[in-house]
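Okay, thanks for coming, everyone. Today I'd like to walk through the empty spaces in this model, inside and out. Let's get it on the screen.

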Amino acid sequence: MPSDYTKKIVEIRGVKKSFDENHVLRGVDLDLYERENLVVLGKSGSGKSVLIKLMVGLLQQDEGTINIFGQDTTKLSLKDLNKLRLKIGFAFQASALYDSMTVRENMEFPLVRNVKNLTRKEINLKVEGLLDSVGLPKTINQMPAELSGGQKKRIGIARTLVLEPEIMLYDEPTAGLDPTTCIDINNLINQVREEYNTSSIVITHDLTCAKVTGDRMAVLIEGQFQAIGSFEEVFAQAKDPKVKSFYDYNFIQ
Amino acid sequence: MSENIERNKPVISKKLDKFFTGLADAFRFVKRFFQEVWFPPYEFKEVLRQCYEIGYRSLPLISLTGFIVGIVFTNQSRPSLSEFGATSWLPALISIAIIRAMGPLVTALIAAGKVGSSIGAEIGSMKVTEQIDAMEVSAINPFKYLVVTRTIATTLMIPILVLYTDFVALIGSFINVNQNELVSLSTFFVQVFEAISFLDVFSSLIKSLVFGFTIGIVGCYKGYNSSNGTEGVGKAANASVVMSMFLIFIEELLALQIVNAIRYA
């Protein structure tokens, strides 16, 4: 446990998940502390995205518990799960912007449905402010199809911030982006923590993203965490051959 | 391992198991619609948007098809009637055929192709690009926003489109009759209204409501359950059309039996 993080807000214990014969998670334990950026590393198909989808109830685990802010997600009613979801922002791998809506409508959509009695002025201020903070104020009236991959990722992140979440979950934030845009997204992830006081789980297989954004790394290999700790602890002094091979593989790539 | 083998063992056969599981899923989907449609939020704005997309944007295709159906059907019926010197019955014959069967059926089949496939593809693509998941994690009920609104819109708009198709087909028929039998507009429509009864119009509208509901719910179901990326989207759109058309014919057959039972009771 890192000395500067004391308040545990997510506690995952013994989580297993299978899809038919494919045992993706084989008893996973993980903690997330307040204001911490935790990076979950692993190869494609190792179950990283499954883990965060279990956290927000998009999937159900076969075994184990996930406690978020002291609430066991499996025991929550849909109404209570939705209340919990409002405290969690989920930035999808492919951004998941609504194709039929403009950027403004995409941003307003979760806001007007979850926060009652907002005036038009308040909505505009919020949306425009967030677009400013991700550096894309001019895209407000554009359709998602008119945006680049990097712009979509930024707006996807801005859309999740509209509900002021306490936890951010980033699913492969730099996947499919050029190196310059990757740097921008990594900086944005750090900026979000500073400006919005969020705790984050960043799912990635990109070691540069992990090193820049993460306070701690958790390496998921064959359905279990093989190493958890700081970047140096996990990789520089890695003794586990599986973790070493993951590190070597990334740098050779 | 043995537990896995036991778990994946088919109850009857793999294909039949899949069929019955699919059927149960479809019933659960329809049941969910009827559970959710009555409760807020009502999403009026989205229903109106869908009504515009489904109704107004289908008008050009429906107009053309209805008009051609009216002309062709009149032309094809004439030789049989002229053998008995009964071409003066053409307006009555055409109106009964159009109002009772052809109007609703032609409209529903065209809407199944145009609207059903577009709903299937739209929701399917939202599913595979995680847009539906994005709604769910924002505490928005995607079923309510996507499925309920589109199904309400098709259920409301298909009867209106059917009335419009009936009218356009009758105009097409009138032009043909007017050219050949020199019947005036007023005489044509007097004969049309004398031939049809309240039951004809009422049953046609009720049937259209069912057709509309079928097109909407099937398109949404296929889209909502699509998988396997873009290939799945194409399959969802295709399956929406095929399944809707199949169900429309079955419903037409059932409606015919019910209306005949009422008519001749």
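So, the largest cavity has 15 residues around it, and the ones nearest its centre are A:Phe90, A:Arg159, A:Thr160, B:Val137 and B:Ser138. Keep in mind that this is a predicted model. The space in there comes to about 120 Å³. Which elements line it? Strand E6 (88-91) and helix H5 (149-161) of chain A, plus H6 of chain B, each give at least two residues. The largest share is three residues, from E6(A). By class, we're looking at ten nonpolar, three polar and two charged residues in that lining.

How many cavities of 30 Å³ or more does the structure hold? Five. The second largest has a volume of about 60 Å³. Its lining includes A:Ala91, A:Phe92, A:Ser95, A:Lys153 and A:Tyr170. H5 of chain A turns up again here, along with strand E7 (167-171) of chain A, each with at least two residues. H5(A) supplies the largest share, three residues. The classes split into five nonpolar, two polar and two charged.

Okay, on to the pockets. The largest pocket holds about 1,200 Å³ of space. There are 31 lining residues, and nearest the centre you'll find B:Gly22, B:Ala26, B:Tyr221, B:Lys222 and B:Met243. For the helices, look at chain B: H2 (14-36), H9 (198-224) and H10 (229-263) each put at least two residues into the lining. The largest share, twelve residues, is from H2(B). If you like to think in side-chain classes, that's 15 nonpolar, eight polar and eight charged residues.

Then there's the second largest pocket, at about 760 Å³. Which residues lie nearest its centre? A:Leu78, A:Asn82, B:Ala139, B:Ile140 and B:Asn141, out of 25 that line the pocket. From chain A, helix H2 (78-85) and helix H3 (103-114) each bring at least two residues, and so do H2, helix H6 (131-137) and helix H7 (142-181) from chain B. Here the largest share is five residues, and it comes from H2(A). The charged count is twelve in this lining, next to ten nonpolar and three polar residues.

One thing to look for when you open the model yourselves: H6 of chain B gives at least two residues to the lining of the largest cavity, and at least two to the second largest pocket as well. Okay, that's me done; over to you.

Key: Residues numbered from 1 in each chain as written. Chains lettered and ligands numbered in written order. Predicted model: local features only at pLDDT ≥ 70, side-chain atom pairs only at ≥ 80, totals over all residues. Heavy atoms only, no water. 1 Å grid on protein atoms, 1.4 Å probe; cavity = no way out; pocket = protein on both sides within 12 Å on 5 of 7 lines; lining within 4 Å. Points joined across faces, edges and corners; volume = space filled by probe spheres on them. Helix = DSSP H or I, 4+ residues; strand = E, 2+ residues; numbered from the N terminus. Nonpolar A, V, L, I, M, F, W, Y, C, P; charged D, E, K, R; others polar.
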